Amino acid sequence: MQYDERHPWLAEVAIDGLYSGKPERFSQWRAVLADIVGAPIDYVSRRRPFQGPASAVHPPLTLEFVEPRITVQTWGTHLPTGVRSGIWDTTPEEPLLSILLARVPGATFEARHAAAIARRLDEIDELVHFVGQGWVTALHENARHCFAEQALTGKDMMMSGGYEPGGWWTPDLEQ
C-alpha cells in the first residue's frame, strides 16, 4: 500500500515523559528487554483502519503501528485480552511484559504497574547496557527514572504518534 495523506506512515512516537523520537529506537530498547527476560517477541509494522475524530476534516483511513509479534506460538496462549493496549487486570509476574507487549502508539502504561516496572528495570540495569551495547543506555536510564516517577505521581502514560503526512494522533484501539 502506498503511503499518502489518507495512509500516513509512523515517523515519531511520544510517550508522556518516557520517550519522544523514532519508533525504531523504542523498539530496539524493547527488543533488548525481551532478550534479557527471555520473551520470544519481535516487533513488526502493521496498518490498522482508523476512525478519526469527528472534528477532523479528512482523518487518515489507516495508521501504521509497531506491534509485538510472538515468535513461539505456545508462549502467548494465556495472555489476557487487551495487553496490546496496555490493559492488565493485575501486574504481570514479569512486569516488563506490559512494556514488551504494548502496541506503539495506542497503548497506555498504567501507573498502578509502575513501581513493579521500575524495580525490574533497576534489577536488569547492567544487563541492558551490556546486551544493548550502549545503544539504548540513554533511553533505559530515562525509563528507569520515568517509571519510578510515575509510581509516585499515579499518572498513566499515554502514547501518541506523529505521522507523515498527517500530524499527531492518539489512537484508541481495542485489544
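**Exercise 1. Backbone at Pro105, Pro165 and Gln133**

Task: In this predicted model, find where Pro105 lies and state which form the peptide bond from Val104 to Pro105 takes. Then treat Pro165 and Gln133 likewise.

Solution:
1. Pro105 sits in the loop between α2 (97-100) and β5 (108-109). The bond that joins Val104 to Pro105 is cis, with omega near -15 degrees.
2. Pro165 sits in the loop between β6 (157-164) and β7 (167-169). The bond from Glu164 to Pro165 is cis, with omega near -20 degrees.
3. Gln133 belongs to the loop between α4 (125-131) and α5 (137-153). Its phi is near 50 degrees, a positive value in a residue other than glycine.
4. For comparison, most peptide bonds are trans, and most residues other than glycine have a negative phi.
5. Gln133 has 65% relative accessibility. The cut-off for exposed is over 50%, so Gln133 counts as exposed.

**Exercise 2. Ile41**

Task: Decide whether Ile41 is buried or exposed, and list what Ile41 touches beyond four places in sequence.

Solution:
1. Ile41 is in strand β3 (residues 41-49).
2. Its relative accessibility is 10%. Buried means under 20%, so Ile41 counts as buried.
3. Leaving out residues up to four places away in sequence, Ile41 touches Ala34, Pro68, Arg69, Thr71, Trp75, Leu100 and Leu101.

**Exercise 3. The largest nonpolar core**

Task: Name the core residues that touch the most other members and the element that gives the most to this core.

Solution:
1. The largest nonpolar core has 44 residues; Ile15, Leu18, Phe26, Trp29, Leu33, Phe109 and Phe147 touch the most other members.
2. Elements that each supply at least two residues include β1 (9-15), β4 (62-70) and α3 (114-123).
3. α1 gives the most, with 5 residues.
4. Beyond four places in sequence, the contacts of Trp29 include Ile99, Leu121, Val128 and His140.

**Exercise 4. Salt bridges of Arg144 and Asp16**

Task: Which salt-bridge partners does Arg144 have, and where do Asp16 and Lys155 lie?

Solution:
1. Arg144 meets Asp122 at 2.6 Å, N to O. Asp122 lies in helix α3 and Arg144 in helix α5, so this pair ties together parts 22 residues apart in sequence.
2. Arg144 also meets Glu141 at 2.9 Å, N to O. Being 3 residues apart in helix α5, these two are separated by about one helical turn.
3. Asp16 and Lys155 form a salt bridge at 3.7 Å, N to O. Asp16 is in the loop between β1 and β2 (19-21), and Lys155 is in the loop between α5 and β6, 139 residues apart.
4. Asp16 is partly exposed at 32%, whereas Lys155 is exposed at 51%.

Key: Residues are numbered from 1 along each chain as its sequence is written. This is a predicted model: local features need pLDDT of at least 70, side-chain atom pairs count only at pLDDT 80 or more; totals for chains, interfaces and linings use all residues. Side-chain values use heavy atoms; hydrogens and water are left out. Helices (H or I, at least four residues) and strands (E, at least two) are DSSP runs, numbered from the N terminus. Buried means under 20% relative accessible area, exposed over 50%, partly exposed in between (1.4 Å probe, protein chains only). Contact means heavy atoms within 4.5 Å. A nonpolar core is a set of buried Ala, Val, Leu, Ile, Met, Phe, Trp, Tyr and Cys residues joined through side-chain atoms within 4.5 Å. A salt bridge is a side-chain nitrogen of Lys or Arg within 4 Å of a carboxyl oxygen of Asp or Glu.
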